[in-house]
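Student: Please give me a close look at a single part of this model. I am new to it, and I would like each term explained as it comes up.

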Amino acid sequence: MRSASTAIGYGLSMIMLALASLMVIPALIRASGDTAYGALSAGQVIGSVGAVVIGYGWGMSGPAIIARADADGRRAEYVEALRARLFLCVPVCLVCCVIGAVLAGSGLRGFGAIGALAQAVIGMSGQWYFVGIVAPYWFLLVETVPRVAGTMAGWLLMRSAGADALVGTGCQCLGIVAGVLCSSIYILARLRREGAVPRRTRSIAVVLREQFDGVAASITNAAVLSLPMVLVSFLNPVARPMYAFVDRVQRQITVAITPLSTVMQGWVPRGDQRDRGRRALLFMVPLCAVIAVAVIALGPLLTDYLGGGIIRPGLGITVLMALFVALGTYETVLSRAVLTAFGRLRRITRANLASGLLAVVLVGVGVRLWNAEGALIGVVGSMLVRIIDEYVGVRPDLSGRVDRLLPRRAAVEGAFEDEPVLVPARRAA
């Protein structure tokens with residue numbers, strides 16, 4: 001029952017965010033046109049990579065650290081994470097804005113920059129902490145509500161006051177910043193009530209070095225997901241509005257079903273990891289098939305509404321979008337819940353790099369030959385390769401062969417002598 005309640009709690013947050021974003025997409029297109037929206041989306045893709053850099057791996061390894069720590073340990077972890085991410089935030093946001101502006105092109109640089117900024121600051125989110133303490137409804141109240149309020153304020157200004165997409169996206173950005181502030185205030189106040197006392201924090205350099213394996217996996221994943229948009233923008237700009245629209249829709253669908261992987265991220269490591277890992281992956285096969293069918297069936301209705309009659313994807317693009325959503329959902333559970341539980345962060349990085357190199361070839365050729373549809377074919381192909389690589393990497397753990405090859409385990413559960421330790425020894429003590 002608790003798992004169901006947790007999933008519902010995170011589900012409410014994701015659904016609220018997804019619905020708010022889905023409402024604002026047609027308003028953005030109507031306010032400034034499909035070309036400006038394509039530039040805005042290109043900036044958001046760059047910003048998503050920046051968000052991963054700013055988050056620096058805490059979204060992947062943070063929940064396990066928080067779940068195993070006492071109040072003092074949780075406070076030390078959050079304060080160190082907050083300091084490190086603030087140190088990264090300003091320079092990373094500036095770089096993302098510059099790249100987004102260049103990618104957007106002449107006359108559209110402001111749209112690319114604001115899109116990159118609004119997406120990059122999400123890296124400051126405290127969601128990983130709420131996952132660790134299993135407090136989805138507090139996350140809904142203190143971080144999701146301000147973010148949704150900012151998005152809806154932008155929607156209202158564009159619909160009623162004639163504001164352009166720059167204003168609408170700027171309101172989204174302010175809502176995200178407000179959510180980060182509210183969540184940080186709540187977390188520190190709650191820790192004070194729990195009796196946590198301040199500790200001497202380590203240097204930012206030490207903290208960042210300790211998190212390197214987690215952020216390497218996260219950054220390569222975000223870079224691979226963002227790479228197709230960059231390729232489309234440079235190789236076939238005519239295809240960018242359609243690809244940007246479809247990419248945005250599939251990302252919103254993926255966000256809406258994120259609670260599933262979030263719950264499994266905490267469920268797999270808390271029991272028999274081998275048994276739970278196998279069960280999680282088997283459960284995901286029929287579920288992802290259902291997701292693909294649902295996207296194909298409902299995709300035309302959703303894209304007709306969101307495109308506002310301006311952007312209309314065909315059946316081929318809808319099917320490819322459904323495959324990408326289904327495969328992406330499976331890969332998220334495989335990497336964040338299963339491989340992470342066994343400490344296989346370097347395997348995730350390797351799989352990301354391999355699929356990224358393949359995506360350069362497939363997407364590059366595809367977008368030149370078949371426009372947006374060709375780019376999606378390349379994306380789906382590279383995602384499938386990534387899943388196969390990650391599964392091969394974790395299969396010895398799931399089958400038990402690692403126990404025979406490496407009888408001595410490291411001090412931290414789930415970490416082996418040839419793999420990085422997921423939870424730092426200081427936190428596990």
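Tutor: Take the second largest cavity, whose lining draws at least two residues from each of helix 9 (212-235), helix 10 (240-256) and helix 14 (345-399). The model is predicted, local features need pLDDT of at least 70, side-chain atom pairs count only at pLDDT 80 or more, and totals for chains, interfaces and linings use all residues. Numbering starts from 1 along each chain as its sequence is written, and side-chain values use heavy atoms, with hydrogens and water left out.

Helices are DSSP runs of H or I with at least four residues, numbered from the N terminus. A cavity is a set of points, on a 1 Å grid over the protein atoms alone, where a 1.4 Å probe fits but cannot get out; lining residues have an atom within 4 Å of a point. Grid points are joined across faces, edges and corners, and a volume is the space filled by probe spheres set on the points.

By this rule there are three cavities of 30 Å³ or more. The second largest has a volume of about 70 Å³. Its lining is made of V224, L225, P228, Y243, D247, F324, A359, V379, S382, M383 and R386. Helix 14 contributes the most to this lining, with five residues. By class, eight of the lining residues are nonpolar, one is polar and two are charged. Here Ala, Val, Leu, Ile, Met, Phe, Trp, Tyr, Cys and Pro count as nonpolar, Asp, Glu, Lys and Arg as charged, and the others, Gly among them, as polar.

Y243 leads from the cavity to its surroundings. Apart from neighbours within four places in sequence, Y243 is in contact (heavy atoms within 4.5 Å) with P228, M229, V232, A372, A375, L376 and V379. Of these partners, P228 and V379 also appear in the cavity lining.

Y243 also belongs to the largest nonpolar core, which has 113 residues; Y129, F130 and Y243 touch the most other members. Helix 1 (residues 2-55) gives the most to this core, with 17 residues. A nonpolar core is a set of buried Ala, Val, Leu, Ile, Met, Phe, Trp, Tyr and Cys residues joined through side-chain atoms within 4.5 Å. Buried means under 20% relative accessible area, exposed over 50%, and partly exposed in between, with a 1.4 Å probe and protein chains only. In soluble globular proteins, nonpolar side chains tend to be buried together.

F130, another of those core residues, is buried, at 0% relative accessible area, and F139 is buried too, at 1%. Rings of Phe, Tyr and Trp (its six-membered ring) pair if their centres lie within 6.5 Å; planes under 30 degrees apart count as stacked, over 60 as edge-to-face and the rest as tilted. The whole structure has nine aromatic pairs. In the pair of F130 and F139 the ring centres are 5.7 Å apart and the planes stand at 55 degrees, so the pair is tilted. Both residues belong to one aromatic cluster, along with Y56, W58, Y78, W128, Y129, W138 and Y186.

Y56 lies in the loop between helix 1 and helix 2 (58-68). Y56 is buried, at 12% relative accessibility, and has a positive phi of about 50 degrees although it is not a glycine.

Back in helix 14, N371 likewise has a positive phi, near 55 degrees, without being a glycine. N371 is partly exposed, with a relative accessible area of 42%.

Definitions and conventions
1 Å grid on protein atoms, 1.4 Å probe; cavity = no way out; pocket = protein on both sides within 12 Å on 5 of 7 lines; lining within 4 Å.
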